[in-house]
Amino acid sequence: MDVKSVRGFVGNKLSFSEVSASDGVKMAAEMAPEDVVSIITASGLKGRGGAGFPTGKKWEYAFGQEGHPKYIIGNADEGEPGTFKDRLILTDFPELVFAGMAIAGCAVGAEFGILYLRAEYGWLREHLEAAIAHCREKGLLGKAIGGGKDFSFDISIRMGSGAYICGEETALLESLEGRRGDARNRIPFPVQAGYLGKPTVVNNVETLAWVPCILVKGPSWFAGMGTRKAPGAWLFSVSGDCKRPGIYEYPFGTSLRQILADVGADNPKAVQVGGASGNCVPPSGFDRTMTPGDLATGGSIIVFGPGQDMFAVAENFQHFFADESCGQCIPCRVGNQRLLEAIARMRANGLDKDSERTVRQLAQTMSVASKCGLGQMSPRAFLSILNNFAGELPGHA
Amino acid sequence: MDAQQQWRTEVEQLVRTHGRSRTALMPILQDINRAHSYIPEGAMLAVSAALTVPRTEVYGVASFYSYFSVKPRGTYVIRVCRTISCAKQPEYHPAIAALFNELGIGFGETTADGIFTLEQTNCAGMCDQGPSMVVNEDVHVGLTEASVRSILNNYRRAAEAAKRPQ
């Protein structure tokens, strides 16, 4: 399959197009591991898979671990509804991702990398294998890479088999080890005991692609793009009711209103920010900004136009969670089913005070008592729709 | 060779590629699933013996992931994305109606000729270009009633060509 035929639209200039992967690897090869870690720490780069953990800190922990061998995992299990930025990065800039993995390997002392690619992106595999082969030819992967004598690093691709939960890093590790994608308990964290019990760094595709850019252009270039509290820029996946859906790069601190204007969203009724695990924002919130602490985002924006039935959206997302819950803990397995049934009931019959209280209690139980992020986040979209659009339910004036 | 011996031989070949460790379980099941469109019981038993992984755990893995199936499926598994960005497109319902009409089956079913299985999938990551569907390892975007018909015809022709003796 020609991967470029489904590349999609890119709305503005991406920083990734300005950096060569080999420059980043060569720089890392000449540096002490501690220096690579401190550059990434200084840039303020945070994980782009959604959880937002500081990348430098993760690497520092992994660097300090005694266990050997260590592993770098590229998390390409992009499954959050409405998110497709990693697809674009893997299509256009795979070498930056592999360079990011090699640099991470240099920083923490790992020689092996695995890219965990979701089954739904199986059509990208051949393209990525070719990019890995190209990196080996150029001396960016393999033995003594980037000119550094002691710096060896190589990558293999492993496929997922269709499970959203495997984007959660400990479930991903379970899957790599040949098990069901059941999230693990932490402690230990993957940096302490991850793949096969060894120190493991799991980074998102976009996080890894920023790494060589930060090395080449400097941490202050990266930090200078965002706000003081939230340095850097982010790739946004925009879909739904707008004229120009696609990928856009914005610095942190950009307002939702600005993005909506750029993508040609006329008179939107609501915007889902952060995918199914995110929040549904009504027009009164359009001046909020894309910043952790304000609108935390997995980089996904779904625009809903004036005609959208918002509880149909809630039901669609809820169906997703009921389907994708791994089933090991009760608040998530049963809670998501019950919430789905409740949404169907309220769409048919409306919602009285008693059942609203029950549903809110259920949602709270799920977010407090679920074992991993899936169950903890799953009621958010529904609650934000209930809080802002309850007037759309039958029986409401 | 009896049927189980055939599975043992096939699995041994896969072990040569992927290794004889628990970490090879997913790649081996993925190859079996791709070659046969599903993971038959005999294959699971052979994998269990070859990797010394309890058969309940092999079944547990084979039944956990949505791309795996422990029941027979068609040569081409069609997975239509049902997440909101795709499902809210005006062409979404017409495209699905065309799939139902052309194939004469509903979701979760396989055509009598064994060529197609129709399923739904959660977000295929083509939200900017929906409606979309994934067929085995190809992705199709911007679906319409007409494009669905022509895509199915291409797969039908490929299935016929594969059946013809070389």
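This passage walks through a predicted model of a complex, starting with confidence and then looking at chain A and chain B in turn.

The predictor scores the complex with an ipTM of 0.97 and a pTM of 0.96. For chain B, the pLDDT averages 96, and 99% of the residues reach at least 70. As a general caution, predicted coordinates should not be read in detail where pLDDT is low.

Chain A offers a handy place to begin: its open sheet. Four strands make it up, in the order β3-β2-β1-β4, and the pairing is parallel. At the edges stand β3 (154–159) and β4 (200–204) of chain A; each has a single partner strand, so one side of each is left without a neighbour in the sheet. Going from one strand to the next, the twist averages 25 degrees. In general, strands of a sheet pair through backbone hydrogen bonds, in either a parallel or an antiparallel way. In this sheet, strand β1 (residues 71–76) of chain A and strand β2 (residues 112–117) of chain A are joined in the parallel sense over 6 bridges. To pick out one spot along β1 and β2, I72(A) sits opposite G113(A) in β2(A).

A helix goes with this sheet too. α5(A) lies across β1, β2, β3 and β4 of chain A, and it runs at about 150 degrees to β1(A). Helix α5 (residues 94–108) of chain A also packs against helix α6 (residues 125–137) of chain A, at an angle of about 60 degrees and with the axes 10 Å apart. The two helices, α5(A) and α6(A), are therefore oblique to each other. The crossing of α5(A) past α6(A) is right-handed. On the α5(A) side, the contact is made by P94(A), E95(A) and F98(A), while α6(A) brings in H127(A), L128(A), A131(A), I132(A), H134(A) and C135(A). Sorted by character, the residues of this contact between α5(A) and α6(A) come out as 6 nonpolar, 2 polar and 1 charged.

Elsewhere in chain A, I39(A) is worth a quick look. This residue belongs to helix α2 (residues 33–43) of chain A. Leaving aside residues up to four places away in sequence, I39(A) touches M31(A), I214(A), L215(A) and P219(A). As for A270(A), which is 231 residues from I39(A) along the chain, the C-alpha atoms of the pair are separated by 39 Å.

Turning to chain B, the secondary structure comes to 7 helices and 5 strands. Read from the N terminus on, the elements of chain B go α-α-α-α-β-α-α-β-β-β-β-α. The C-alpha trace of chain B spans about 50 × 40 × 25 Å along its principal axes.

Chain B has a helix pair of its own to describe. Helix α1 (residues 3–18) of chain B and helix α2 (residues 25–36) of chain B have axes that come within 10 Å and cross at roughly 130 degrees. That angle makes α1(B) oblique to α2(B). As α1(B) passes α2(B), the crossing is right-handed. From α1(B), the contact draws on W7(B), E10(B), V11(B), L14(B), V15(B) and H18(B); from α2(B), it draws on P27(B), I28(B), D31(B), I32(B) and H36(B). By type, the residues where α1(B) meets α2(B) split into 7 nonpolar, 2 polar and 2 charged.

Key. Residues are numbered from 1 along each chain as its sequence is written. Chains are lettered from A and ligands numbered from 1 in the order in which they are written. This is a predicted model: local features need pLDDT of at least 70, side-chain atom pairs count only at pLDDT 80 or more; totals for chains, interfaces and linings use all residues. Side-chain values use heavy atoms; hydrogens and water are left out. Contact means heavy atoms within 4.5 Å. Axes are lines fitted to C-alpha atoms, for helices over the stretch in contact, and angles run from 0 to 180 degrees between N-to-C directions. Angles under 35 degrees count as roughly parallel, over 145 as roughly antiparallel, 65 to 115 as roughly perpendicular and the rest as oblique. A crossing is left-handed if the near helix is turned anticlockwise from the far one by less than a right angle, and right-handed if clockwise. Ala, Val, Leu, Ile, Met, Phe, Trp, Tyr, Cys and Pro count as nonpolar, Asp, Glu, Lys and Arg as charged, and the others, Gly among them, as polar. pLDDT is the predictor's confidence in each residue, from 0 to 100. Two strands pair if DSSP finds at least two bridges between them.
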